[in-house]
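Here's a quick tour of one fold, starting with its sheet and ending with a few side chains. Keep the viewer open as you read.

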Amino acid sequence: SEVTSRKIRLDLGVPMSAPLIGGIGRLSHEKGFDIAIQAIPFLKTKSAQLIIVGAGPDKERLHRLGKKLNVSDRIHFVGYRENVRHILRAMDVCTQLSRFEGLPVALLEAVEVGCPIVTTGVGGIRDVIVNNDYGWLVPEDDPMLIARAIDEAIQDKKLASQKTKKARQHLIKNFSFAKMLIAWQGVLDA
């Protein structure tokens, strides 16, 4: 809701007009948060802020990277959060820039709440963001192309809305609880 988004932005000290880019997950190399930070200087949307939700062994390294790139004032580390749905609703773009991945729950939640996705499309991510009709698929470790995709997701609201609707319909059709129960029943019966 607008109230929740406003509260999250106030808590972070993020201006209401600043686009909010987010990433959720364990702060470790395979999750690619370093690439999200490296993309910030390439963004045309200079007011954009990055919120990183999670905890892990790379936290200090990521802080240092933000300082080194002179973008630490645009990065907000909020630590581990139990319920991220309200944070996802406040985001203008959710990034999932993993180098390798299973099927991240945060990605499913982002699609479910209608948050545009910029992702590397590795592993199980491709089961949800099948192609560029469902989100922005970007190559691993390319901050410039990632920044370009984030900018497009922020600036072209109509395109972002179309992609999120398709992704959500795909999610409901292929990842519903009933469909998962039937699949598990098939595994158990085998």
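The notes below go through the sheet, one helix and some individual residues.

## The sheet

Keep in mind that this is a predicted model. Its open sheet has 6 strands, running S3-S2-S1-S4-S5-S6, and the pairing is parallel. Strand S3 (75-79) and strand S6 (136-137) sit at the edges with a single partner strand each, so one side of each has no neighbour in the sheet. As a reminder, strands of a sheet pair through backbone hydrogen bonds, either parallel or antiparallel.

Out towards one of those edges, strand S5 (residues 117-119) pairs with S6 in the parallel sense over 2 bridges. Here Val-118 is opposite Trp-136 in S6.

## Strand S1

How much of S1 is buried? The count is 5 of the 5 residues, so S1 is largely enclosed by the rest of the structure. In a regular strand the side chains alternate between the two faces of the sheet. In S1, Leu-20, Gly-22 and Ile-24 point one way, while Ile-21 and Gly-23 point the other way, and all are buried.

On one partner, S1 pairs with strand S2 (residues 49-53) in the parallel sense over 5 bridges, and Ile-24 has Val-53 as its bridge partner in S2. Add helix H2 (residues 33-39), and S1, H2 and S2 give you a right-handed β-α-β unit. S1 also runs parallel to S4, joined by 3 bridges; there, Gly-22 has Cys-94 as its bridge partner.

## Helix H5

Helix H5 (residues 105-113) has Ala-106, Leu-107, Leu-108, Ala-110 and Val-111 as its buried residues. What do they pack against? The list is strand S1 (20-24), helix H4 (85-90), strand S4 (93-96), S5, helix H6 (125-128) and helix H8 (157-175).

Right after H5 comes Gly-114, with a positive phi near 85°.

## Side chains to click on

His-76 lies in strand S3 and is buried, because its relative accessible area of 12% falls under the 20% cut-off. Its side chain makes a polar contact of 2.7 Å with that of Gln-49. Setting aside neighbours within four places in sequence, His-76 is in contact with Leu-12, Val-14, Gln-49, Leu-50, Ile-51 and Ile-52.

As for rings, the structure has 0 aromatic pairs. Trp-136 does have a charge over its face, though: Lys-163 lies there, at 4.3 Å from the ring centre.

How values were computed:
Residues are numbered from 1 along each chain as its sequence is written. This is a predicted model: local features need pLDDT of at least 70, side-chain atom pairs count only at pLDDT 80 or more; totals for chains, interfaces and linings use all residues. Side-chain values use heavy atoms; hydrogens and water are left out. Rings of Phe, Tyr and Trp (its six-membered ring) pair if their centres lie within 6.5 Å; planes under 30 degrees apart count as stacked, over 60 as edge-to-face and the rest as tilted. A charge sits over a ring if NZ of Lys or CZ of Arg is within 6 Å of the ring centre and within 35 degrees of the ring normal. Two strands pair if DSSP finds at least two bridges between them. Helices (H or I, at least four residues) and strands (E, at least two) are DSSP runs, numbered from the N terminus. Buried means under 20% relative accessible area, exposed over 50%, partly exposed in between (1.4 Å probe, protein chains only). Contact means heavy atoms within 4.5 Å. A polar contact is a pair of N or O atoms within 3.5 Å; within protein, one must be able to donate a hydrogen and the other to accept it, and residues adjacent in sequence count only if both atoms are side-chain atoms. A crossover is right-handed if, with the strands pointing away from the viewer, the path from the first strand over the helix to the second runs clockwise.
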